[in-house]
Amino acid sequence: GVDREIVEALHRTHIGDVGVNLHSNRMQAEIGFTLAPAEQGKGYAAEAVRAVLHHLFLLRGLHKVAAECDARNIASARLLHPEPIPYGALVSTASTS
């Protein structure tokens, strides 16, 4: 897999990351993301995930990207269900386990 840092631009501070696990067929991937609690709700994760999805779908030509989050994390679940989905197949699963 590949990890990309989420860096707050003004102070150049590491505040999280987006991980990408590319499937062996090179046409599918799984993503995950983390963000420091103090930086949540500021749009950083949304910006980072959009950039990674843009790269995977439009530049690399992937057909499917999957992600999973805890269903109690409403902000993350909302991030994984953009309206409308601007790319190919974004498959997400929400669970409470």
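The following exchange between a trainee and a mentor concerns a predicted model and looks at one charged pair and one strand pairing.

Trainee: Where in the chain is E39 found?

Mentor: The elements on either side of this residue are strand 3, covering 28–35, and helix 1, covering 44–59. E39 is therefore placed outside both of them, in the loop between strand 3 and helix 1.

Trainee: Is E39 buried or exposed?

Mentor: The relative accessible area of E39 is 17%, and the cut-off for a buried residue is under 20%. Because 17% falls under that cut-off, E39 counts as buried.

Trainee: Which residue meets E39 in a salt bridge?

Mentor: By the rule applied here, the count for the model comes to one salt bridge. Its nitrogen and oxygen lie 3.1 Å from each other, and the limit for such a pair is within 4 Å. At 49% relative accessibility the partner counts as partly exposed, whereas E39 counts as buried. The residue whose side chain meets that of E39 is K42.

Trainee: Which residues does E39 touch, not counting those up to four places away in sequence?

Mentor: K42 makes a polar contact with E39 through the side chains of both residues, but the question leaves out such neighbours in sequence. Once residues up to four places away are set aside, the residues that E39 touches are I15 and Y44.

Trainee: In which sense do strand 1 and strand 2 pair?

Mentor: Strand 1 spans residues 2–8 and strand 2 spans residues 13–22, and the two form a hairpin with four residues between them, where R12 in the turn has a positive phi of about 50°. Within this pairing, D3 stands opposite G19 in strand 2. Over seven bridges, the sense of the pairing is antiparallel.

Notes
Residues are numbered from 1 along each chain as its sequence is written. This is a predicted model: local features need pLDDT of at least 70, side-chain atom pairs count only at pLDDT 80 or more; totals for chains, interfaces and linings use all residues. Side-chain values use heavy atoms; hydrogens and water are left out. Buried means under 20% relative accessible area, exposed over 50%, partly exposed in between (1.4 Å probe, protein chains only). A polar contact is a pair of N or O atoms within 3.5 Å; within protein, one must be able to donate a hydrogen and the other to accept it, and residues adjacent in sequence count only if both atoms are side-chain atoms. Contact means heavy atoms within 4.5 Å. Two strands pair if DSSP finds at least two bridges between them.
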